Amino acid sequence: MALPSSDLGDGTYRNPVLDADWSDPDLLRVGDDYYLTASSFGRVPALPLLHSRDLVNWTLVGHALQLLEPAKEFRKPRHDRGVWAPSLRHHDDRFWIFWGDPDQGIFQVNAPEIRGPWTRPHLVKKGKGLIDACPLWDEETGEAYLVHAWAKSRSGIKNRLTGHRMRPDGTGLLDEGKVIVDADRLPGWFTLEGPKLYRHDGWFWIFAPAGGVENGWQGVFRSRDFFGPYEERVVLEQGGTEVNGPHQGGWVRTQHGEDWFAHFQQRGPYGRVVHLQPMRWGPDSWPVLGHEGAPVAVHKKPDLPPQPPSAPATDDDFPGGRFGRQWQWAANPQDGWATQHSADGLRLTCVRTVDAHDLRKLPNVLTQRLPGIAATVEVELSLNSEDLGARAGLAVLGDAFSWIGLQRGEGGSVQLVHRFAESVAVGAPPTPLGQWGREREAAHPVEAPGGRARLWIEIGAGARCRFFYDVGAGRRPSGQVFAATPWRWVGALLGLFALAPVGGGHAGAASFTQFRITATP
């Protein structure tokens, strides 16, 4: 099951069409099918792949990257590294995804089908601060090009787009590159990034956002020559709407000739949700997005065959111990974290760690995106570990976190525990435990007979979360309201985990069953 579709059932849709953190989207059409990918940063598997037949109803069909490389670099959570702003293209009967890793360079993978098999990552351009890469194969000339932006945090450079000629097979570049758009020369423009490169009507077009994640705008640049000079225009901005910073995404043309643009909106703890805007060409041959350059809230659906309502899956019964595509580890997984078996239910090993006090440091947290609407999350948990201090639970995870679950206590008893940890301001001095402080009790522990509990999190307006439990005496509230917080670039996450303090031998496991997310009326 999944959360409600944005399809209103009357020939219209409501934005956002993907109401969760599908950051930095890019999309394309192949035949009658539409595909979308998004940033995944340090989570694994990476490079999500979504499919639609109408640009409104989407399903998650897989991931293009099963491990982040180099593998050792991503054995610990790297929430601000990894896959940034990928571009999805189809050329020479293959799907291609290019992206920038700000610490390593520009990579690509490719596959004959969207479900794979995908190649291992190939480094196209090595360097720090190279992000938001996008290729173009010019069908008119046979030339291939690449454009990318810069991350100032790694390179000291920002607000520029660099262009290259590229080998037609996508394996490397043919020149040293040239700055083709320097937004420092454009009055009022800053933080130009996220370019998407197209060829249309004799022009090279670069769709690129500027102005920052929270309050930016969507720009478009065009030139008769790839290396410029380019002229620019703002084609989408907030205007009088409630959609802050409507920018960074991709343009797609339907099989019937309609044009559409998908982009994100930064919504705090929910991350970057995806909107779909109508697009047309004005009398001056520039694109016009949304309603005269402002985002639409509700609009007529694309002129495409009707589809059943759908949205990326959230619920999971974990058949045979396997988890669905909606789940990602916080870092590259190790063998034995989750074990398969003959029944339903997720069986997570209580992984021994020195970081038991801080979920933000743990790679073995299985996560999925926080829904962008009011919803109730629930799961059944049993703890099957005799180790003192072994624990497992359901978490809301971000720069601050809170979790509710079970822990093996003194004398062999199992207790229902609820804990949290606060954010630490950027630039604050490290604590003895590292960048963040120790987790604290959110409520007094409660005995959990049989080592079992039913857990709930009610997510309200503004991602304010309330926790509940049932250990056999009925549903009870726990602790105070917790306001979910994002990471630096990533929305808050829901997480399942099992861990144990450092020690010898196998520490047992925890089982999770009947995971559900239900929209709240």
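The following questions and answers concern strands, hairpins, burial and a cavity in a predicted model.

User: Is Gly250 buried or exposed?
Analyst: Gly250 lies in strand β18, which spans residues 247-253. Its relative accessible area is 0%, and a residue counts as buried under 20%. Gly250 is therefore buried.

User: Which residues is Gly250 in contact with, leaving aside its neighbours within four places in sequence?
Analyst: One residue distant in sequence is Leu27, 223 residues away along the chain and 5.8 Å away in space, C-alpha to C-alpha. Leu27 belongs to a set of contacts that also includes Trp260 and Ala262. The full set is Pro25, Asp26, Leu27, Tyr198, Trp260, Phe261 and Ala262.

User: In β3, which residue is the bridge partner of Leu27?
Analyst: Strand β2 (residues 26-30) runs antiparallel to strand β3 (residues 33-37), and 5 bridges join them. The two strands form a hairpin with 2 residues between them, where Gly31 takes a positive phi near 65°. The partner of Leu27 in β3 is Leu36.

User: In β19, which residue is the bridge partner of Arg253?
Analyst: Strands β18 and β19 run antiparallel and are joined by 6 bridges. They form a hairpin with 5 residues between the strands, and Gly257 in the turn has a positive phi of about 90°. Across this pairing, the partner of Arg253 is Asp259.

User: In β20, which residue is the bridge partner of Asp259?
Analyst: Strand β19 is joined by 8 bridges to strand β20 (residues 272-281), and the two run antiparallel. Their hairpin has 5 residues between the strands, with Gly268 at a positive phi near 55°. Asp259 also bridges to Arg253, while its partner in β20 is Met279.

User: How many residues of strand β19 are buried?
Analyst: On one side of β19, Asp259, Phe261, His263 and Gln265 are buried. On the other side, Trp260, Ala262, Phe264 and Gln266 are buried as well, and both faces are thus covered. For strand β19 (residues 259-266), the count of buried residues is 8 of 8.

User: Which are the edge strands of the open sheet with the order β14-β15-β16-β17?
Analyst: This open sheet has 4 strands with antiparallel pairing. An edge strand pairs on one side only. The strands that meet this condition are β14 (196-200) and β17 (231-236).

User: Which residue does Gln218 stand opposite in β17?
Analyst: Strand β16 covers residues 217-223 and pairs with β17 in the antiparallel sense. This pairing extends over 5 bridges. In β17, the residue opposite Gln218 is Leu236.

User: Is Thr376 buried or exposed?
Analyst: Thr376 is found in strand β28 (residues 375-384). Not counting residues up to four places away in sequence, it touches Trp456, Ile457, Glu458, Arg516, Ile517, Thr518 and Thr520. Because its relative accessibility is 17%, which is under the 20% limit, Thr376 counts as buried.

User: What is the volume of the largest cavity?
Analyst: The count of cavities of 30 Å³ or more comes to 1. The lining of the largest cavity includes Leu65, Phe74, Trp99 and Pro121. Its volume is about 70 Å³.

User: How many residues of the lining of the largest cavity are nonpolar?
Analyst: Among the lining residues are Glu69 and Asp101, and Asp and Glu count as charged. Gly82 and Gln104 also line this cavity. The lining divides into 2 charged, 2 polar and, as the number asked for, 7 nonpolar.

Terms used:
Residues are numbered from 1 along each chain as its sequence is written. This is a predicted model: local features need pLDDT of at least 70, side-chain atom pairs count only at pLDDT 80 or more; totals for chains, interfaces and linings use all residues. Side-chain values use heavy atoms; hydrogens and water are left out. Buried means under 20% relative accessible area, exposed over 50%, partly exposed in between (1.4 Å probe, protein chains only). Contact means heavy atoms within 4.5 Å. On a 1 Å grid over the protein atoms alone, a cavity is a set of points where a 1.4 Å probe fits but cannot get out, and a pocket is an open set with protein on both sides within 12 Å along at least five of seven lines; lining residues have an atom within 4 Å of a point. Grid points are joined across faces, edges and corners, and a volume is the space filled by probe spheres set on the points. Two strands pair if DSSP finds at least two bridges between them.
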